[in-house]
Amino acid sequence: MTAFVDTNVLIRHLTGDPPDMAWAAREYLRTETELLLTDVVTAETVYVLESFYEAPRAQVAQALRSLVTFDSLVCVDPALLLRAVEVYETHKVDFAEAYLLARAESTGAQRVASFDRSLERVETIERVEPVRK
């Protein structure tokens, strides 16, 4: 690996904002052969695109797909990230929850302890609510 890539490089590349940094980010991503994309940076990228740039969910999902399949970016588990993107986009849950559900599926756990009822939108996982006293 030549380097880990940070969220701000990805955001500049995806948004073109500001133009000089966007150009530098694009050139760097184009010329490097191997950059490690972490799951945390992916989640932070979603957060910035949704909150600061107010990008719609479909646009965010497409941006994530493009990052996961970008030639110079290497993910630890690209299939997991792509499944998380799919859950995020189709089931309309937050990306953190989508990632958690995708991770549960991939490990065979099939159950997630959570108070968040939006997890019930994904039928492959059972949401288990902790008992309140």
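Mentor: Before we start, a contact here means heavy atoms within 4.5 Å. Keep in mind, too, that this is a predicted model.

Trainee: Thanks! Among contacts between residues at least 6 apart in sequence, what share joins residues at least 24 apart?

Mentor: Let's set the scene with the chain itself, which has six helices and five strands. From the N terminus on, these elements run β-α-α-β-α-α-β-α-α-β-β. Of the contacts between residues at least 6 apart in sequence, the share that joins residues at least 24 apart is 52%.

Trainee: In what order do the three strands of the open sheet stand?

Mentor: Look at the edges: strand E1 (3-4) and strand E3 (73-75) each have a single partner strand, so one side of each is left without a neighbour in the sheet. E1 is joined to strand E2 (residues 35-37) by two bridges. The pairing in this open sheet is parallel, and the order is E1-E2-E3.

Trainee: Which residue of E2 stands opposite Phe 4?

Mentor: Strands of a sheet pair through backbone hydrogen bonds, either parallel or antiparallel. Here E1 and E2 run parallel. Opposite Phe 4 you will find Leu 36.

Trainee: Now helix H6, please. How far apart are its end C-alpha atoms?

Mentor: H6 covers residues 95-107, which makes 13 residues. At 1.5 Å a residue, the helix should span 18 Å. The model agrees with that, because the end C-alpha atoms are separated by 18 Å.

Trainee: Which strand is among the elements covering the buried residues of H6?

Mentor: The buried residues of H6 are Phe 95, Ala 98, Leu 101, Ala 102, Ala 104 and Glu 105. An α-helix has 3.6 residues a turn, so residues three or four places apart point the same way. The cover includes helices H3 (39-51), H4 (57-68) and H5 (78-91), together with strand E4 (111-113).

Trainee: Is Ala 98 buried or exposed, and what is its relative accessible area?

Mentor: Ala 98 lies in H6 and touches Ala 84, Val 87, Tyr 88 and Val 93, leaving out residues up to four places away in sequence. Its C-alpha atom is 4.9 Å from that of Ala 84, although the two are 14 residues apart along the chain. Buried means under 20% relative accessible area. Ala 98 is therefore buried, at 0%.

Trainee: And what is the relative accessibility of Thr 42?

Mentor: Thr 42 is found in helix H3. Beyond its neighbours within four places in sequence, Thr 42 contacts Leu 37, Leu 64, Leu 81 and Phe 95. Thr 42 counts as buried, with a relative accessibility of 4%.

Trainee: Which two residues does a cis peptide bond join?

Mentor: Most residues other than glycine have a negative phi, and most peptide bonds are trans. Go to the loop between helix H1 (7-15) and helix H2 (19-31), where Pro 18 has its place. With omega at about -15 degrees, the cis bond joins Asp 17 and Pro 18.

Trainee: In the loop between H6 and E4, which residue is found with a positive phi though it is not glycine?

Mentor: H6 is followed by Gly 108, with a positive phi near 85 degrees, but that one is a glycine. The residue you want has phi near 65 degrees and counts as partly exposed at 33% relative accessibility. In the loop between H6 and E4, that is Gln 110.

Key. Residues are numbered from 1 along each chain as its sequence is written. This is a predicted model: local features need pLDDT of at least 70, side-chain atom pairs count only at pLDDT 80 or more; totals for chains, interfaces and linings use all residues. Side-chain values use heavy atoms; hydrogens and water are left out. Helices (H or I, at least four residues) and strands (E, at least two) are DSSP runs, numbered from the N terminus. The expected span of a helix is 1.5 Å times one less than its number of residues. Buried means under 20% relative accessible area, exposed over 50%, partly exposed in between (1.4 Å probe, protein chains only). Two strands pair if DSSP finds at least two bridges between them.
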